[in-house]
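Reader: I have the model open and want the reasoning behind its labels. Please take me through them one at a time.

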Amino acid sequence: LLPRIYQIVVEINNRFCRQLSEHFHLDGYTVSRMAIIHDHSIRMANLSIVGSHSVNGVSALHSEILKNDLFHDFYKIQPYKFCSVTNGIASRRWLYQSNPRLTNLIKDLIGDGFLHDMEKLKKLLPYQNDKQVLEQLAKIKLENKKDFAAYIKEQTGQIIDPNSIFDVQVKRLHEYKRQHLNALHILSLYNELKTNPHANIQPTTFIFGAKAAPAYVIAQDIIHLLLVMSDIINNDPEVSPYMKLVMVENYNVSYAEKLIPACDISEQISLASKEASGTGNMKFMLNGAVTLGTSDGANVEIHELVGDDNIYIFGKDSDTVIKHYEKADYVSKDYYKKSPVIKEAVDFIVSKEVLKVGKKENLERLYNELLNKDWFMTLLDLEDYIKVKDQAFADYEDQQKWKKMMLVNIAKAGFFSSDRTIAEYNRDIWKLK
């Protein structure tokens, strides 16, 4: 279809392989492993590394994975090519434009210099024990939640409680981002409430928003499960006072500008080693949400900035996950058999109650995927996820503690401004004057 482009790729590959053999004196096996064309396929990642003068992992963790695992052969011969510049966000859009109430409070406290230098948000830290400031912060969060509740009602007719916890997972829907891990916890919580209607559970609104490729079958199945759960939970009079599940339709930037300022808990639960960076986590942090996540992507740097007391981290680390892939020793069914909690949640996907509302084909396919493949190791982290998430819900009841966590996250979010990212790109990669 594209003969001239293919000819060019062949020539690049020939020159590169010759360079590996003659200049770097690599053996034939290593050369074939690093080749751009091998076994009748073009390795686009190898081509991009060969054709670039700089390779960036976009977060500290992912940059190390590139060097030590994915492209270690390339790193050994050309270490100077590899650098690490963590992603950033358009911080003025996601604060000044999206959250004017919070912006005005910050201006009153520390002036407006932060709009040009987001690192100046650190000047908020002395206020972390100021009850009056923390109360203002909480009022702003509640007003933002009321605005979002009104917007949801206008768009979909659904009524959500602004006084409930807003637990939010909005991002591209993909197995590695593990929306179904979140869903399994919600199923577990639903079962707990049905078994014990008097359980002390903080009222929570679970909010999802996502898009996926039309042909991505498992993504369709996960979306289907979320919609079925929404139907069951929201129409159950015993459960709905404590739980609500909302799937935002046509999630986009306009929705995000209303939702992110309203979020309490930011779900960043990708399988460790799989998320290059993430930027939603930064936007939520900047608006005072507390991160619940794995040690993946920029979550690692958020954790370093805010400390153990201002984030919720769960799950296996990236080294453990990478070793599981190397050894091919992860068997999801083993976790299912060993844990009554996991078994109950997974089995509920194909229970009579769920099948009555949903489509058997979609639900059974997702059930079998979890039991027989689970490529992104959902069941590996499920029990720890439930434990840590329940702790976050319990901590929310201590509002003074939660308000302080909110302020610390805002104060430390300046690092993730794209101003810093672009300056580092220029300093380390572009070298423009």
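Reader: How do you know that strand 9 and strand 10 pair, and in which sense?
Author: This is a predicted model, and the pairing is read from its bridges. Pairing takes at least two bridges. Strand 9 and strand 10 (residues 312-313) have 2 bridges, in the parallel sense. One match is leucine 292, whose bridge partner in strand 10 is tyrosine 312.

Reader: What makes the crossover from strand 9 to strand 10 right-handed?
Author: The chain leaves strand 9, passes through helix 13 (residues 299-306) and enters strand 10. With the strands pointing away from the viewer, a right-handed path runs clockwise. This β-α-β crossover is right-handed.

Reader: Which evidence pairs strand 8 with strand 9?
Author: Strand 8 (residues 265-268) and strand 9 share 4 bridges and are parallel. The cut-off is at least two. Isoleucine 265 has valine 290 of strand 9 as its bridge partner. Helix 12 (residues 280-286) carries the chain from strand 8 to strand 9, and that β-α-β crossover is right-handed.

Reader: Which residues of strand 9 point each way, and are they buried or exposed?
Author: Val290 and Leu292 point one way, Thr291 and Gly293 the other. Buried means under 20% relative accessible area. All of these residues are buried.

Reader: Why is strand 7 called largely enclosed?
Author: Count its buried residues. In strand 7 (residues 243-248), 6 of the 6 are buried, so the rest of the structure largely encloses it. Both faces are covered. Met243, Leu245 and Met247 are buried on one side, and Lys244, Val246 and Val248 on the other.

Reader: How many bridges join strand 6 to strand 7?
Author: There are 6, and strand 6 (residues 204-209) runs parallel to strand 7. Isoleucine 207 stands opposite valine 246. Between these strands the chain goes through helix 10 (residues 217-234), in a right-handed β-α-β crossover.

Reader: Why does the span of helix 19 agree with its residue count?
Author: Helix 19 (residues 378-396) has 19 residues, which at 1.5 Å a residue should span 27 Å. Its end C-alpha atoms are 25 Å apart, so the two values agree. Helix 19 also bends by about 30° at aspartate 384.

Reader: What does tyrosine 325 touch beyond its sequence neighbours?
Author: Tyrosine 325 belongs to helix 14 (residues 318-327). Contact means heavy atoms within 4.5 Å. Tyrosine 325 touches Leu271, Lys274, Trp375, Phe376 and Met377. Tyrosine 325 and phenylalanine 376 are 51 residues apart in sequence, and their C-alpha atoms are 9.8 Å apart in space.

Notes. Residues numbered from 1 in each chain as written. Predicted model: local features only at pLDDT ≥ 70, side-chain atom pairs only at ≥ 80, totals over all residues. Heavy atoms only, no water. Expected span 1.5 Å × (residues − 1). Bend = angle between axes of the 7 residues up to and from the residue. Buried < 20%, exposed > 50% of the residue type's maximum accessible area, 1.4 Å probe, protein only. Lists of a residue's contacts leave out its neighbours within four places in sequence.
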